[in-house]
Amino acid sequence: NLNTFAQVADTEKQIEQLLQKMSLEEKIGQLNLRGTSSRSKGMTEELKTMIRQGKVGALLNITDTLLVLEAQRIAVEESPNHIPLIFGRDVVHGYKTIFPIPLGLSASWDLSLIEKSSQVAANEAYSRCINWTFAPMVDISRDARWGRIAESPGEDPYLASRIAEAYVKGFQGDDLSQPGNIAACVKHFAAYGAAEGGRDYNTVSMSEQQLRDIYLKPFEASVKAGAASFMTAFNDLNGIPCTANEFLLKDVLRKEWKYDGMVVSDWNSTAEMLAHGYAVDGKDVALKSATAGLDMEMTSTTYADHLQKLIEEKRFSVSELDELVKNVLRMKFRTGIFDNPYFKGREKFKL
């Protein structure tokens, strides 16, 4: 499709032009996902100042539409290069209209119903100025002791792959930039459901064949379905935490599957590498995550605190940083947020 090729080329040109204008501080700012826990409300003056300075790329769990629009206004009108924010939330099995848990939907084998339920969830979330969901969760689950089975599509890689496609299509529609559609974030990459003894955040040891035959299948299907973003897992995989796992993030996702979407950490999963014993301090965490190809850090602040210093020390390069920033900006262009930062058209889906 020549039209699609032209659109892609135009987007890449816009990304390059924007990148040329951005300071080092702003580039690092795009990699920061800030916000609050799902239980708290409001937005601090400190956070508003950070947005104003271009030090925030996205916000999560801000569900008051007036606050969302205020934050967006600050980003678009007062930040150095007027780059809009993305607004994310766990829209897992419905937003206001609540559907059966993902495992229940999975048991139905009704792919059209799953697609429809995620479309309804997307429409309702968009009506509240949310344009990015941390779903679907496509972790294969085969240990009944694991506490997050309710969110999963179950034990079968074929079914999970078809379900992943249905969710992505339902959330994103045929054109992600259209009002009512929101960006999917496929999680948790990878093998999160295989944690030893069913203990969350734990270690996973498995052969590459088992990983590829079972646990990676629904993620590969999600890439082919056009998923806008991926989220890394809390567990380590054969000794290396997923959030800094070059085999997963570079070799498989980028090189083999040719993925050009955005990759975000899970909540503090960068800092959790300290508990895994894989990093010595926050600076080491930032270096290992960024080098492995993690584009955006959720809530923890190792990128904000250390990336500039790592670049000054020539341990991480500006060109490597630019690749991460491009992935974030590409997702923003694809969501249409540059052209429609204030969620025009959401009235159509108002509850």
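Buried residues account for 57% of the 351 residues in the chain. That figure, like everything else here, comes from a predicted model.

Zooming out to the whole fold, the chain is built from 14 helices and 11 strands. Its radius of gyration comes to 19 Å, close to the 20 Å that the globule rule gives for 351 residues, so the chain is as compact as a globular protein of that length. Laid along its principal axes, the C-alpha trace covers about 50 × 50 × 45 Å. Contacts tell us something about how the chain is folded up, too: of those between residues at least 6 apart in sequence, 77% link residues at least 24 apart.

Next up is the outside. About 14,700 Å² of the chain is exposed, and 49% of that comes from carbon and sulfur atoms. As for charges, the chain carries 41 positive and 47 negative ones, and the mean positions of the two sets lie 3 Å apart.

Now for the strands. An open sheet is made by 5 strands, lined up as β4-β3-β2-β1-β11, with parallel pairing. The edges are taken by β4 (132-133) and β11 (297-298); each has a single partner strand, so one side of each is left without a neighbour in the sheet. Further in, β2 (residues 58-60) and β3 (residues 86-89) run parallel and are joined by 3 bridges. To pick out one residue along this pairing, Leu-60 has Gly-88 in β3 as its bridge partner.

Key:
Residues are numbered from 1 along each chain as its sequence is written. This is a predicted model: local features need pLDDT of at least 70, side-chain atom pairs count only at pLDDT 80 or more; totals for chains, interfaces and linings use all residues. Side-chain values use heavy atoms; hydrogens and water are left out. Helices (H or I, at least four residues) and strands (E, at least two) are DSSP runs, numbered from the N terminus. The radius of gyration is taken over C-alpha atoms; the globule rule is 2.2 Å times the number of residues to the power 0.38. Buried means under 20% relative accessible area, exposed over 50%, partly exposed in between (1.4 Å probe, protein chains only). Contact means heavy atoms within 4.5 Å. Accessible areas come from the Shrake-Rupley method with a 1.4 Å probe; for residues, only the protein chains shown count as cover. Lys and Arg count as positive and Asp and Glu as negative; His and the chain ends are not counted. The place of a charge is taken as NZ of Lys, CZ of Arg, CG of Asp or CD of Glu. Two strands pair if DSSP finds at least two bridges between them.
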